[in-house]
Amino acid sequence: MAASSRPAQPPLLSGKQTTLQAQRLGEALPCLRAAYEQALGRWLGDPVLRLVGVPFITECYRSAERQNELYAQGRTKPGLVVTYKRGGQSKHNLGPPTPALDVAFRLADGSVSWSGLLLSKFARLMKYADARVVWGGDWPSFKDRPHFEVLGYEAKGGDERG
Ligand SMILES: [Zn+2]
């Protein structure tokens, strides 16, 4: 049977991925968790968006040790710079409960996407759900589009970059 003759199937998370989602969401600050759940509900309730991809949390709490590993990337280790924060300086290092989480999308073919267009659509839903939610894609210098955080919970780092 040709793929085109099948009705469009929405992308789904596997059982293991669903368990991991619950675990990561459980690390989030309650207001961030509530905003994510509301945004996810609206996304999955949209007849078009739900067929494009399903949002999932790639990371919430991050240990200072893991933060230092990420900081080394693009500096003393190969790869692109992904953060400007050392261990203890990121909002991901607070908690749990943690005032930051990162989002990606699982597409219908099983691949993972960090599409700026999808992330900006999800960001609109997150900000609508709770006005305290800040999207990393709105930052003027280092745009961190997968990143969401809640205002009012400061890590040691000082500036706002992820
Ligand atoms: Zn982040």
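The UniProt annotation "domain: Peptidase M15C", from an unreviewed entry, covers residues 88-150. UniProt positions follow the numbering used here, feature names are shortened, and annotations may be inferred rather than shown by experiment. Over residues 88-150 the chain is 22% helix and 27% strand. The end C-alpha atoms of this stretch are 17 Å apart.

The structure is a predicted model, in which local features need pLDDT of at least 70, side-chain atom pairs count only at pLDDT 80 or more, and totals for chains, interfaces and linings use all residues. Residues are numbered from 1 along each chain as its sequence is written.

The protein chain holds five helices and five strands. Helices (H or I, at least four residues) and strands (E, at least two) are DSSP runs, numbered from the N terminus. Their order along the sequence is α-α-α-β-α-β-β-α-β-β. The radius of gyration of the protein chain is 16 Å, which agrees with the value near 15 Å for a compact globule of 162 residues. That radius is taken over C-alpha atoms, and the globule rule is 2.2 Å times the number of residues to the power 0.38. Along the principal axes, the C-alpha atoms fill a box of roughly 55 × 35 × 30 Å.

Of the 162 residues, 33% count as buried. A residue is buried if 20 or more other C-beta atoms lie within 10 Å of its own, exposed if 12 or fewer, and partly exposed in between, with C-beta atoms placed from the backbone. Contacts were also examined by sequence separation. Among those between residues at least 6 apart in sequence, 64% join residues at least 24 apart. Two residues are in contact if their C-beta atoms, placed from the backbone, lie within 7 Å.

The chain is divided into domain 1 (12-61 + 96-150) and domain 2 (63-90). These bounds come from an automatic or database domain assignment. The domain centres, taken over C-alpha atoms, are separated by 22 Å.

Helix α2 spans residues 30-44. Its 15 residues should cover 21 Å at 1.5 Å a residue, and its end C-alpha atoms are 21 Å apart, which agrees. The expected span is 1.5 Å times one less than the number of residues. L32, A35, Y36, A39, L40 and W43 are buried in α2. Seen down the helix axis, the buried residues of α2 fall within an arc of 130 degrees, so they line one face. The arc is that of the directions from the helix axis to the C-beta atoms. An α-helix has 3.6 residues a turn, so residues three or four places apart point the same way. On the other side of α2, P30, G41 and L44 are exposed.

Helix α5 covers residues 116-129. Its 14 residues should span 20 Å, and the end C-alpha atoms are 20 Å apart, in agreement. L118, L119, F122, A123, L125, M126 and A129 are the buried residues of α5. They fall within an arc of 165 degrees down the axis of α5, so they line one face of this helix.

A39 lies in helix α2. A39 counts as buried because it has 24 C-beta neighbours inside 10 Å. Leaving out residues up to four places away in sequence, A39 touches F122, L125, M126 and A129. These four are among the buried residues of α5. A39 and Y128 are 89 residues apart in sequence, yet 8.1 Å apart in space, C-alpha to C-alpha.

A104 is found in strand β2 (residues 100-107). With 21 C-beta neighbours inside 10 Å, A104 counts as buried. Its contacts, leaving aside neighbours within four places in sequence, are F56, T58, V112, S113, W114 and P146. A104 and L80 are 24 residues apart along the chain, and their C-alpha atoms are separated by 18 Å.

N68 sits in helix α4 (residues 64-72). N68 has 16 C-beta neighbours inside 10 Å and therefore counts as partly exposed. Beyond four places in sequence, N68 is in contact with R86 and G87. N68 and W114 are 46 residues apart in sequence and 23 Å apart in space, C-alpha to C-alpha.

Two cis peptide bonds deserve mention. The bond from G95 to P96 is cis, with omega near 0 degrees. The bond joining P96 and P97 is also cis, with omega about 5 degrees. P96 lies in the loop between α4 and β2, and P97 is found in the loop between α4 and β2 as well.
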